[in-house]
Every structure is written in structure tokens, then in C-alpha cells.
Amino acid sequence: MNGGRLSDDEAMIQGMALLRAQIASLGAGAEPPAQALRMIAMRYPEEAERIEAAWRLGQATTVTAVLGEVEKQFAEDTAE
């Protein structure tokens, strides 16, 4: 038992879900979701930075596209 701590994979999955849930607030001037970005950055730090930058610019399409790239890469990485 890991004492209730999430594995990197579990954290990554939760981070992606958190980010997806918060994309709707992107245009409302909300700060980027720091917790979700930290969870994603554990495995994909460059992509997390790209997501944060696009979020700050209000580029929902870019945020969604990069998140899609991360989800695809994560699926490929964990399928091996």
C-alpha cells in the first residue's frame, strides 16, 4: 500500500480530467488550474508549460489540442 498517495499514472489521469473540467472557465479570466498542470507536468513538463501559456492567452483551442496530444502520448506510453 502506498499510504493513499497516487501513482504518477493515477495523478496524470486525474490531472487531465481536472483540466478538461476546468476548460469551460478559461474565457472567464480564470487562472490556469495549477494543480492539474502540476499533475500533468510530472510526466509531460513541456506540454504543461504550453497548456499554461495558451491558457493565459485565452486560447481554448490550443489548450484543448495540447491536452489531446498529452492524452494520446500518455495512452501510447502506458500501453507498452
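Read along the sequence, this predicted model follows the pattern α-α-α-α. The chain contains 4 helices and 0 strands. Its pLDDT averages 87, and 89% of the residues score at least 70. Among the elements, mean pLDDT is lowest in α1, at 88, and highest in α3, at 95.

**Exercise 1. Compare the span of α4 with the span expected from its number of residues.**

Solution.
- Step 1. Helix α4 covers residues 60–79, and its 20 residues should span 28 Å at 1.5 Å a residue.
- Step 2. The end C-alpha atoms of α4 are 28 Å apart, which agrees with the expected span.

**Exercise 2. Determine which residues of α4 are buried, and how they are placed around the axis.**

Solution.
- Step 1. With buried taken as under 20% relative accessible area, the buried residues of α4 are Val63, Val66, Leu67, Val70 and Phe74.
- Step 2. These residues cover an arc of only 100° around the axis, so they lie on the same side of α4.
- Step 3. An α-helix has 3.6 residues a turn, so residues three or four places apart point the same way.
- Step 4. The face turned away from the buried side of α4 carries Thr61, Lys72 and Ala79, which are exposed.
- Step 5. The packing partners of the buried residues of α4 are α1 (8–22), α2 and α3.

**Exercise 3. Carry out the analysis for α3, starting from its length.**

Solution.
- Step 1. From first to last C-alpha, the 12 residues of α3 reach 17 Å, close to the 16 Å expected at 1.5 Å a residue.
- Step 2. Ala48, Ile51, Ala54 and Trp55 are the buried residues in α3.
- Step 3. Their arc around the axis is only 130°, which puts them on the same side of α3.
- Step 4. Glu46, Glu49 and Arg56 are exposed on the other side of α3.
- Step 5. The buried residues of α3 pack against α1, α2 and α4.
- Step 6. After α3 comes Gly58, which has a positive phi, near 75°.

**Exercise 4. Describe the largest nonpolar core and state which helix supplies the largest share of this core.**

Solution.
- Step 1. Buried residues make up 29% of the 80 residues in the chain.
- Step 2. The largest nonpolar core has 18 residues, and those with the most contacts inside it are Met12, Met16, Leu19, Ile40, Val63 and Val70.
- Step 3. Each of α1, α2, α3 and α4 supplies at least two residues of this core.
- Step 4. The largest share, 5 residues, comes from α4.
- Step 5. Take Val70: leaving aside neighbours within four places in sequence, Val70 is in contact with Met12, Met16, Ile40, Tyr44 and Glu47.
- Step 6. For the chain, 66% of the contacts between residues at least 6 apart in sequence join residues at least 24 apart.

**Exercise 5. Of the 7 salt bridges in the structure, examine Asp77 with Arg43, Arg50 with Glu69, and Lys72 with Glu76.**

Solution.
- Step 1. Side chains of opposite charge can pair when their charged atoms come close.
- Step 2. In the salt bridge between Asp77 and Arg43, the closest N and O atoms are 4.0 Å apart. The pair links distant parts of the chain, 34 residues apart: Asp77 is in helix α4, and Arg43 is in the loop between α2 (34–41) and α3 (45–56).
- Step 3. Asp77 counts as partly exposed because its relative accessibility is 26%. Arg43 is also partly exposed, at 28%.
- Step 4. Asp9, Arg43 and Asp77 are linked in a network of salt bridges.
- Step 5. Between Arg50 and Glu69, the closest N and O atoms of the salt bridge are 3.3 Å apart. Here too the pair links distant parts of the chain, with Arg50 in α3 and Glu69 in α4, 19 residues apart.
- Step 6. Arg50 has a relative accessible area of 40%, so Arg50 is partly exposed. Glu69 counts as partly exposed at 40% relative accessibility.
- Step 7. Lys72 and Glu76 form a salt bridge whose closest N and O atoms are 3.8 Å apart. Lys72 and Glu76 are 4 residues apart in helix α4, so about one helical turn separates them.
- Step 8. With exposed taken as over 50%, Lys72 is exposed because its relative accessible area is 54%. Glu76, at 38% relative accessibility, counts as partly exposed.

Methods. Residues are numbered from 1 along each chain as its sequence is written. Side-chain values use heavy atoms; hydrogens and water are left out. A salt bridge is a side-chain nitrogen of Lys or Arg within 4 Å of a carboxyl oxygen of Asp or Glu. Buried means under 20% relative accessible area, exposed over 50%, partly exposed in between (1.4 Å probe, protein chains only). The expected span of a helix is 1.5 Å times one less than its number of residues. The arc is that of the directions from the helix axis to the C-beta atoms. Contact means heavy atoms within 4.5 Å. pLDDT is the predictor's confidence in each residue, from 0 to 100. A nonpolar core is a set of buried Ala, Val, Leu, Ile, Met, Phe, Trp, Tyr and Cys residues joined through side-chain atoms within 4.5 Å.
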